[in-house]
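A learner and a teacher go through a protein structure together. The learner asks how each feature is to be read, and the teacher replies.

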Amino acid sequence: MKNFLRELSRDTPGMIGFVIVIIVLALSVFASVIAPADPLEIDVYNRLASPSWQHWLGTDQLGRDIFSRVLYGGRVALKVALISISVALLCGLLLGMIAGFGPSWLDRILVVCFDTMRSFPTVMFALAIMTLTGPSLNTVIAVIIITSIPVYARVVRTQTLAVRNLDFILAERAMGASTLRILRDHILPNISAPLLILASMDVPAVVGMEAGLSFLGLGVGPPTASWGSILNDGYSYLRNSPWPIIAGGIPLILVTLGFTFLGESMRDILDPKLRGKGALNQ
Amino acid sequence: MVVETPLNSRRFNRRVFLRGTTLAGLSLAGAIPGISWAVRNNQLHIRNYTDVSSLDPPFMISGAEGVIANAIYQSLLQFRSDGTWNTQLDAAEYFAEIDATHYAFRLRPGQMFSNGFGELTADDVKFSLERAIDPTLNALNAEDMGPFSHVEVQDRYSGTIVLHSPYAAFVPVAIAGGTAAIMSRKAVSAAGGRFGTEPPCCSGPYLFREWRAQRKTVLERNPDWSGPAVAFDEIHVYAMSDVKASETAFEAGQLDCAEISVESTAHFRKNMPPDSKLKIYPSGRNYWLGMNQSNPALQDIRVRQAIQWGVDVNAVVEAAWFGLAQPSTGPVPAGMLGHRPSSHVPPAGDPARAKALLVEAGISLPLRLRLDVNNDALELTAVQVIQWSLKKIGIEVDIRAQDNGTFLSIGREDAGDQWQDIQLFFQSFVGGADPYYSLVWFVSEQMGRWNWERFSNEEFDLLNDKAIATTVQVERDTFYRRMQDIMEDSGCYRFVTNGVMPQIIRNTIQPAFQPDGYALLRDFQPTKGEV
């Protein structure tokens, strides 16, 4: 970790990304402490107000404090991103290693399943599921998990196939190491770096998807704040006030920039080939 | 000799370029007919809130279709363009009530159907009215005709309309409302007995020229029209479901008249496009919070009444309608027979009384309820204020926004079992020219169709029958007021507003609208000296 941070500090965009990510995470986690107002408090007669000392980003069409809603909206975005990416990553890791290390018939079946699932356009799939089950945050998370698993599984499978016949794995086998031990102690450490990079790069995509679905009214229900619903409200009242659109858009831009910079920097640091060391960890 | 041009001149720089392109753009804007603000080529360009799905009168389901039908067809009577629901003669030169079940009419001679289908006759009237109730046709608007029986033709131009029983709304709903627009028997038969968006003939002041799906319908002046003169050679009716798009189109000079969203009225008041004006028309749409009294959570009338008293309608109207609309007292809007001057539950409600009712009902708080709503910015804003109001009295409301198609099916028994699960819903519909049309949807017979509250009251049903069977206006007024009292006292309804319909209009146009905000295209005129 210390090495990683040292390497990161030498990469300016990576450091910027890291700082943005830390700030966004901190603001979201401590939203209840930082937010100057209740994000759900309605004040109809003070709607669409411009920024002031009382309301730093103005108020929305119901007179709610936009800054507070943006902070709480970050919680929703990061909750969706962390839960869905973590679960999808774990499931993808498991299935990918089974496909890459298991018998070839099982590999073929799993690859067909992955490709079938990936063939659904994510947004269309999400819309179909929402129509059947009704909009909710849990459905958004479920859709992202289902559509992300094959992506991770495919990467893990490819990495596993590349590693499984290397000499040190063959040596482990010859010494009688169990499959579980080989997977856990030898293959997993060698394939985790690209996965972490991929997961980091996926955060803005997932946050964007949650915002997109909430923008369409298919994500979190009112009055819960989400960056997408703030944008949707802002779009409807754009002629009256630009602040909801600005306030809903900026965090999306920052999260995209932050995680992309960080992901690229992680790739440079963690990928041995790019780092120029030319060898695997073991 | 080197000729100095802007490009080789030393003075050509970024500022010159920007100035030049701006001037070029402005010149171009003036040169393109679509961006000129004068009446263009004697054409009217107007927005319709949705595309047409059928122009066959008994099958027209939206007001958008009625807007076009009013221009291309004739009925015996039509609504005046004076902002009232009063009627005037259209195809008929004489129309009179003989008694409560008989109406006599005589057509103006010499009115021709287009496409060579000959003169409009009493037999065409008979065909058109009887076709609307033909059981083999199963027309969507058959109910508009009420107890209509048949038409007796006396001669080529005269006839008598016969009803089975008195039907006070017959003239405004059936005759002038569009369902009984007169079609040529020959033309409809030649089209196979039914048609869609391309009418086989017209007889109104404008003729149907073309329909482009999801884009526009084009009408042109009827050269054979013998009625009052109309103004425009062409009318282009654009299908724009997004009101924001119509605002942009108006600002870009593409439209001469467009409905705008209530939230944009402040913007247009400050930044009115040149040569334009803003007018706020009533919409005739009823908005209310409905409560499904058959749902276990809402079976206790005290819970429903607590919700009525808990909702601050003033705040809802202020937030969603920007204070342009007024709280309503029931489905019958102001200015119409049967309108109540006030409701039993005042618009501001009373949270203390609401809480007391919940305590009296023995409800353990917080009470969680679901509220279904159409996924529409205005309605979502309204329900969030309702949600906030009810939270103050201990009711947690989960809002479920659904697309329009799904939402319109949630209370219908023929669309599955979900009607049993709905609790609260924010509903709206456009009433008609008669209070009958505003209230008939709440009778017991409508339970599971449009009566999603499952409201059932014997007196209400009886009054509905009595009000439609009498033509004594004072009696009808009393009946309809009482019916709305009963609705409110049932606790199933919290009336919100009748809304408004803001329109921006070029100064070159004199518009004409029905009291519900729908355009009467045949009565649109250019301002004097513009054509």
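The dialogue below concerns a predicted model.

Q: How many residues of chain A are in contact with chain B?
A: One begins with a count of residues on each side. Here, 16 residues of chain A meet 19 residues of chain B. The side of chain A that touches chain B consists of eight nonpolar, six polar and two charged residues.

Q: Into which domains is chain B divided by the domain assignment?
A: A domain may be assembled from separate stretches of sequence, as the assignment for chain B shows: domain 1 comprises 37–73 + 204–283 + 501–531. Domain 2 covers 74–181, and domain 3 covers 285–498.

Q: How is the contact between domain 2 and domain 3 of chain B made up?
A: Twelve residues of domain 2 of chain B and eleven residues of domain 3 of chain B take part in the contact. On the domain 2 side there are ten nonpolar residues, two polar residues and no charged residues. The centres of these two domains of chain B, taken over C-alpha atoms, are 34 Å apart.

Q: What tends to happen to nonpolar side chains in soluble globular proteins?
A: They tend to be buried together. In this model, the largest nonpolar core contains 149 residues. Among those with the most contacts inside this core are B:Ile72, B:Val316, B:Ala382 and B:Val385. Helix α11 (residues 377–391) of chain B contributes the most to the core, namely eight residues. A second, separate core has 66 residues, including A:Phe114 and A:Trp227.

Q: Which residues does B:Ile72 touch, not counting those up to four places away in sequence?
A: Setting aside residues up to four places away in sequence, B:Ile72 touches B:Pro199, B:Cys202, B:Gly204, B:Tyr206, B:Leu207, B:Phe208 and B:Leu219.

Q: In what order do the strands of the five-stranded open sheet of chain B lie?
A: The order in space is read separately from the numbering along the chain. In this sheet of chain B the order is β15-β14-β16-β13-β17, and the pairing is mixed. The edge strands, β15 (395–402) and β17 (493–497) of chain B, each pair on one side only. From one strand to the next, the twist averages 25°.

Q: How do β13 and β17 of chain B run, and how many bridges join them?
A: Strand β13 (residues 285–291) of chain B runs antiparallel to β17(B), and four bridges join the two. B:Tyr287 stands opposite B:Thr497 in β17(B).

Q: Where does α11(B) lie?
A: Helix α11(B) lies across β13, β14 (367–374), β15, β16 (424–430) and β17 of chain B. The helix runs at about 165° to β15(B).

Key:
Residues are numbered from 1 along each chain as its sequence is written. Chains are lettered from A and ligands numbered from 1 in the order in which they are written. This is a predicted model: local features need pLDDT of at least 70, side-chain atom pairs count only at pLDDT 80 or more; totals for chains, interfaces and linings use all residues. Two residues are in contact if their C-beta atoms, placed from the backbone, lie within 7 Å. Ala, Val, Leu, Ile, Met, Phe, Trp, Tyr, Cys and Pro count as nonpolar, Asp, Glu, Lys and Arg as charged, and the others, Gly among them, as polar. Domain bounds come from an automatic or database domain assignment. A nonpolar core is a set of buried Ala, Val, Leu, Ile, Met, Phe, Trp, Tyr and Cys residues joined through C-beta atoms within 7 Å. A residue is buried if 20 or more other C-beta atoms lie within 10 Å of its own, exposed if 12 or fewer, and partly exposed in between; C-beta atoms are placed from the backbone. Two strands pair if DSSP finds at least two bridges between them. Axes are lines fitted to C-alpha atoms, for helices over the stretch in contact, and angles run from 0 to 180 degrees between N-to-C directions.
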